[in-house]
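Please look through the chain shown below with its helices, its rings and its interior in mind. The paragraphs that follow take these topics in turn.

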Amino acid sequence: MRRQLQRHVDTLADTVTLRPNLAAASPKTRSDDAALARRAVATAWVYMSCVVAWAEDHDLVRPLLRRSPPGLSRTPESGAIWLVRAFQQLGAHPSTLWLIHPGYQPALWAGAPSAAASNDLIDWWAAEAPSLAYPATSTAPGSISGWPIGDLLPVVHDNLRAGNALVQTPHWVADLILDLTLIPTVDEFRDEHLIRTIDPACGTGHFLIRAIDYLWQWWTTGTLPSRSVTGRPPLAAGAVLTPVEAARRILASIDGVELDPLTAAVARLRSTIYIGHLLAAAGVLPAPLRLQAIPATVAPRIAVGDSLLLGRISRRQYEAVHPRLAALPGAAYPLDDFAWPPEPDPARPNDPR
């Protein structure tokens, strides 16, 4: 699958037409810059097709890549438009619209591949590409958790792997760490309403998803067994809450921060859908789950930014280090109470602010 996805990136890149302002910024004397820009566009489009195919495999959105829905037909000239329609469906929820926001994925808006290359990609998803849906096991998460699209992000966007050290954590490693940290915390603070956790470099949300799973089991069943650590008795005799209250507490307990906007957007999508899935499985939301049917109150707290600096330095200082992130819309979504520290007083150079 990796080879096939890279083949489609190569095919699309050869056909990408850049937006006029970007093409003008890449004159013939800088053809390498234009080639890199076209490849970035192709990479964005191919990865988004992976996310759409995963969503379609779980009936979260209307099928457009795996098959054509009744009453709609794709023509040889409409391939790129068809892909855009598919991408737009991922923005149906306030927490997931960032995945297609130009601030989070500028390359997605920087150009478009040809209709023929787009149709070739769609035909591959419809006829040859493997399913991205598989069930959970007693130890491993099912695909509805978004594990496939998390793992595919550094496969398609190899610059994130090389430049941002985006390496996905195996589920059993996440479980081992949560067994050794979260379970003792739950035991110690079992009478507290919230179990506050934070992943300061959350990537696509592998740890967040598993933490959601742990807390959901604890608050809906009153028990919590270890998943990787053997020989330890499970926690028991916890308060059993309604699914709605359990989801509310999870949303108030789980926090993530990620430096790369696209990666954070993927984590937001995964967390939103997984909590929606848990509510649907509990009968709170209608099944099969649809992305647009997940309440807007399901808003995971995943911020975009530098977790070593956010909240510790002023906005002006932060802009000097991360100019793009400081101006990014929704970077602290939905942390409405976030406030930048005051600016340093130049008359007091030793002021700790």
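In helix H4, the residues Gly79, Ala80, Trp82, Leu83, Ala86 and Phe87 are buried. Because these residues cover an arc of only 160° around the axis, they lie on the same side of H4. On the other side of this helix, Ile81 and Gln88 are exposed. The general geometry behind such a pattern is that an α-helix has 3.6 residues a turn, so residues three or four places apart point the same way. All of this is read from a predicted model, and the same holds for what follows.

From one helix we can turn to the interior. In soluble globular proteins, nonpolar side chains tend to be buried together. Here the largest nonpolar core has 101 residues, and those with the most contacts inside it are Tyr47, Leu99 and Trp125. Helix H3, which spans residues 31–57, supplies the largest share of this core, namely 14 residues. What is Leu99 in contact with, once its neighbours within four places in sequence are left aside? The partners are Met48, Val51, Leu90, Gln105, Leu262, Ala265, Val266 and Leu269.

The aromatic rings form a further topic. A pair of aromatic rings is described by the distance of the centres and the angle of the planes. The structure holds 6 aromatic pairs; one of them joins Phe338 and Trp340, which meet edge-to-face, with 5.3 Å from centre to centre and 80° between the planes. Are these two rings buried or exposed, or something in between? Phe338 counts as partly exposed because its relative accessibility is 33%, and Trp340 is likewise partly exposed, at 26% relative accessibility. Elsewhere, Trp98, Tyr104 and Tyr333 form one aromatic cluster.

Rings also appear beneath charged side chains. The charged end of Arg227 sits over the ring of Tyr214, at 4.3 Å from the centre of that ring, while Arg249 lies over the face of Trp219, with 5.7 Å to the ring centre.

The backbone deserves attention as well, beginning with its cis peptide bonds. The bond from Ala287 to Pro288 is cis, with omega near 0°, and Pro288 lies in the loop between helix H11 (261–281) and strand E5 (301–304). A cis peptide bond also joins Tyr333 and Pro334, where omega is about -5°; Tyr333 belongs to the aromatic cluster described above, and Pro334 lies in the segment after helix H13 (323–326).

Which values of phi are positive in residues other than glycine? Asp59 has a positive phi of about 60°, and its place is in the loop between H3 and helix H4 (79–88), the helix with which this account began. Asp59 counts as partly exposed because its relative accessibility is 38%. For Ala237, phi is near 65°, and this residue is found in the loop between helix H9 (206–221) and helix H10 (243–253). With a relative accessible area of 73%, Ala237 is exposed.

Finally, consider the cysteines. A disulfide is a covalent bond between the sulfur atoms of two cysteines. How many disulfides does the structure hold? The number is 0. As for individual cysteines, Cys50 counts as buried, at 0% relative accessibility, and Cys202 is buried too, at 6% relative accessibility.

Methods: Residues numbered from 1 in each chain as written. Predicted model: local features only at pLDDT ≥ 70, side-chain atom pairs only at ≥ 80, totals over all residues. Heavy atoms only, no water. Phe/Tyr/Trp six-rings, centres within 6.5 Å; stacked < 30°, edge-to-face > 60°. Buried < 20%, exposed > 50% of the residue type's maximum accessible area, 1.4 Å probe, protein only. Lys NZ or Arg CZ within 6 Å of the ring centre and 35° of its normal. Core = buried A, V, L, I, M, F, W, Y, C linked by side-chain atoms within 4.5 Å. Helix = DSSP H or I, 4+ residues; strand = E, 2+ residues; numbered from the N terminus. Contact = heavy atoms within 4.5 Å. Arc of directions from axis to C-beta. Disulfide = S-S within 2.5 Å.
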